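Reader: I should be grateful for a close look at the helical part of this model that holds its main nonpolar core, together with the contacts and charge pairs around it. Please set out the reasoning for each assignment.

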Amino acid sequence: MKPLSTPILVLIFVLSTGFGAQMLDTVLRRGHTLPISGWLTSAVLLTLAAALLGYGLPLRRYMLESAERREHPSLQPRRHQIDLPTAFRTVLLARACAYTGSVMGGIFTGQALFLLLTGVGDPVRGILPTAAAALAGIILAVLGVIVERWGQLPPDDGQAQPEDGVEAGG
């Protein structure tokens, strides 16, 4: 499976930014009160990023140990273990988080920019929580890309798989 495409994620982010700004503009033109994201949105996105990191760090340790064992073979037992299904799920979770973070970060960036540029929102109760949600989305997207690159899904074109079952790269 191909690694994540950073330009695609940036395009998703930019399109989502435009959508977020347009959404608030439409709501405002229709005379409704603006829906403002709260701090809970940031907390949920950062909790998801922490969960991804919790799954990603064992994968990273395993991949580093595998690379070390390729350079310096050893008969000693492995210090870090991870099974192929868990590694596979971790990479898939990372991909999902990268896309989710890109969309959410873009939408909230667009909303924060709209509020900031139009002067409609209250800086403390509107712009700051929305900007925090945008930052949390961006953090989730970047962390998703990083964790996805720590491990690579097995090739699906019939290539030989390495001895350890998971191949570094990305």
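Author: What follows treats the core, then its surroundings, then the charge pairs, and ends with the reliability of the coordinates.

The model is predicted, and its mean pLDDT is 85, with 88% of the residues of the chain reaching 70 or more.

The largest nonpolar core has 10 residues in all: Leu45, Ala49, Leu52, Ala94, Cys97, Ala136, Leu140, Leu143, Val147 and Trp150. At least two residues of this core come from each of α2 (39-71), α3 and α4. The most is given by α4, which supplies five residues. In soluble globular proteins, nonpolar side chains tend to be buried together.

Leu45, one of the core residues, shows how the surroundings are arranged. Leaving aside residues up to four places away in sequence, Leu45 touches Met104, Ala133, Ala136, Gly137 and Leu140. Two of these partners, Ala136 and Leu140, are themselves listed in the core.

Helix α4 also takes part in a nonpolar patch on the surface. Ile139 is found in α4, and together with Leu46 and Leu135 it forms this patch, the three having about 260 Å² of accessible area together. Ile139 counts as partly exposed because its relative accessibility is 38%, a value between the limits of 20% and 50%.

A salt bridge connects α4 with α3. Glu148 pairs with Arg95, and their closest N and O atoms are 3.4 Å apart. Because Glu148 lies in α4 (residues 123-150) and Arg95 in α3 (residues 84-118), the pair ties together parts that are 53 residues apart in sequence. Both partners are buried: Glu148 has a relative accessible area of 4%, and Arg95 has one of 14%.

The count comes to two salt bridges, and the other lies within α1. Asp25 and Arg29 form this salt bridge, with the closest N and O atoms 2.9 Å apart. The two residues are four apart in helix α1 (residues 6-29), so they are separated by about one helical turn. Here the partners have opposite assignments: Asp25 counts as buried at 18% relative accessibility, whereas Arg29 counts as exposed at 69%. Side chains of opposite charge can pair when their charged atoms come close.

Thr17 lies in helix α1 as well. With 14% relative accessibility, Thr17 counts as buried, since buried means under 20%. Beyond residues up to four places away in sequence, Thr17 touches Gly106, Ile107, Thr109, Gly110 and Leu113.

The loop between α3 and α4 contains Val120. At 39% relative accessibility, Val120 counts as partly exposed. Residues up to four places away in sequence being excluded, Val120 touches Leu28, Leu34 and Leu115. Leu34 is 86 residues from Val120 along the chain, yet their C-alpha atoms are separated by 8.9 Å.

A reservation applies to residues 153-170, over which pLDDT stays under 50. The model has 35 contacts beyond four places in sequence for this stretch. Where pLDDT is low, the predicted coordinates should not be read in detail.

How values were computed:
Residues are numbered from 1 along each chain as its sequence is written. This is a predicted model: local features need pLDDT of at least 70, side-chain atom pairs count only at pLDDT 80 or more; totals for chains, interfaces and linings use all residues. Side-chain values use heavy atoms; hydrogens and water are left out. A salt bridge is a side-chain nitrogen of Lys or Arg within 4 Å of a carboxyl oxygen of Asp or Glu. Buried means under 20% relative accessible area, exposed over 50%, partly exposed in between (1.4 Å probe, protein chains only). Contact means heavy atoms within 4.5 Å. pLDDT is the predictor's confidence in each residue, from 0 to 100. Patches are made of residues with over 30% relative accessible area and no salt bridge: like charges are joined within 9 Å, nonpolar side chains (Val, Leu, Ile, Met, Phe, Trp, Tyr) within 5 Å. Accessible areas come from the Shrake-Rupley method with a 1.4 Å probe; for residues, only the protein chains shown count as cover. A nonpolar core is a set of buried Ala, Val, Leu, Ile, Met, Phe, Trp, Tyr and Cys residues joined through side-chain atoms within 4.5 Å.
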